[in-house]
Amino acid sequence: SLHRFLSLDPQHVYADRAQFLIAHTHFTNKEFGLAVVASNLLEARYPFSFKLPQSLYERGLAYLEMRQEGQARTTLKNLIQNFPQSDSAKTAAQKLAELMKPTMDS
């Protein structure tokens with residue numbers, strides 16, 4: 001399993017991808033709390049991973065799913081600030097713009 005792979009060799013050249021896949025799988029399975037935890041681990045252990053921007057974006061969406069809009073906004077803003085050239089930053093900016101619009105039902 002990916003967890004076993006990481007425990008055997010956390011410094012492996014593909015370790016960050018394995019950690020990303022763990023977070024991504026939780027996100028895909030709608031296990032949003034676990035997705036956030038796994039994404040935080042990716043950021044803490046592999047801050048220079050090329051997978052981090054996508055993981056931050058998914059973490060932001062996971063926070064939204066858990067009705068934690070403040071955390072979602074902070075995560076998306078950090079993504080845009082730290083990885084401005086990434087595709088994920090462009091998507092995050094669009095999502096943030098959506099969140100800023102007043103809702104029709106208020």
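Three short exercises on this predicted model follow, each with a worked solution.

Residues count from 1 along each chain as its sequence is written. Local features need pLDDT of at least 70, side-chain atom pairs count only at pLDDT 80 or more, and totals for chains, interfaces and linings use all residues; side-chain values use heavy atoms, without hydrogens and water.

**Exercise 1. State how many helices and strands the protein has, and check its radius of gyration.**

- Step 1. There are six helices and zero strands. Both are DSSP runs: helices are H or I, at least four residues; strands are E, at least two.
- Step 2. For 106 residues, a compact globule would have a radius of gyration near 13 Å. That rule is 2.2 Å times the number of residues to the power 0.38, with the radius taken over C-alpha atoms.
- Step 3. The protein has 14 Å, which agrees.

**Exercise 2. Check the span of helix H6 and find its buried face.**

- Step 1. H6 covers residues 87-100, 14 residues. The expected span is 1.5 Å times one less than the number of residues.
- Step 2. That gives 20 Å, and the end C-alpha atoms are 20 Å apart.
- Step 3. Ser88, Ala89, Ala92, Leu96 and Leu99 are buried (under 20% relative accessible area, 1.4 Å probe, protein chains only).
- Step 4. Down the axis, these fall within an arc of 90 degrees, so they line one face. The arc uses directions from the helix axis to the C-beta atoms.
- Step 5. Asp87 and Gln94 are exposed on the face turned away (over 50%).
- Step 6. The cover over the buried residues includes H4 (52-65) and H5 (69-82).

**Exercise 3. Describe the surroundings of Ser39.**

- Step 1. Ser39 sits in helix H3, residues 32-45.
- Step 2. Its relative accessible area is 2%, so Ser39 is buried.
- Step 3. Not counting residues up to four places away in sequence, Ser39 touches Ala23, Ser55, Leu56 and Arg59 (heavy atoms within 4.5 Å).
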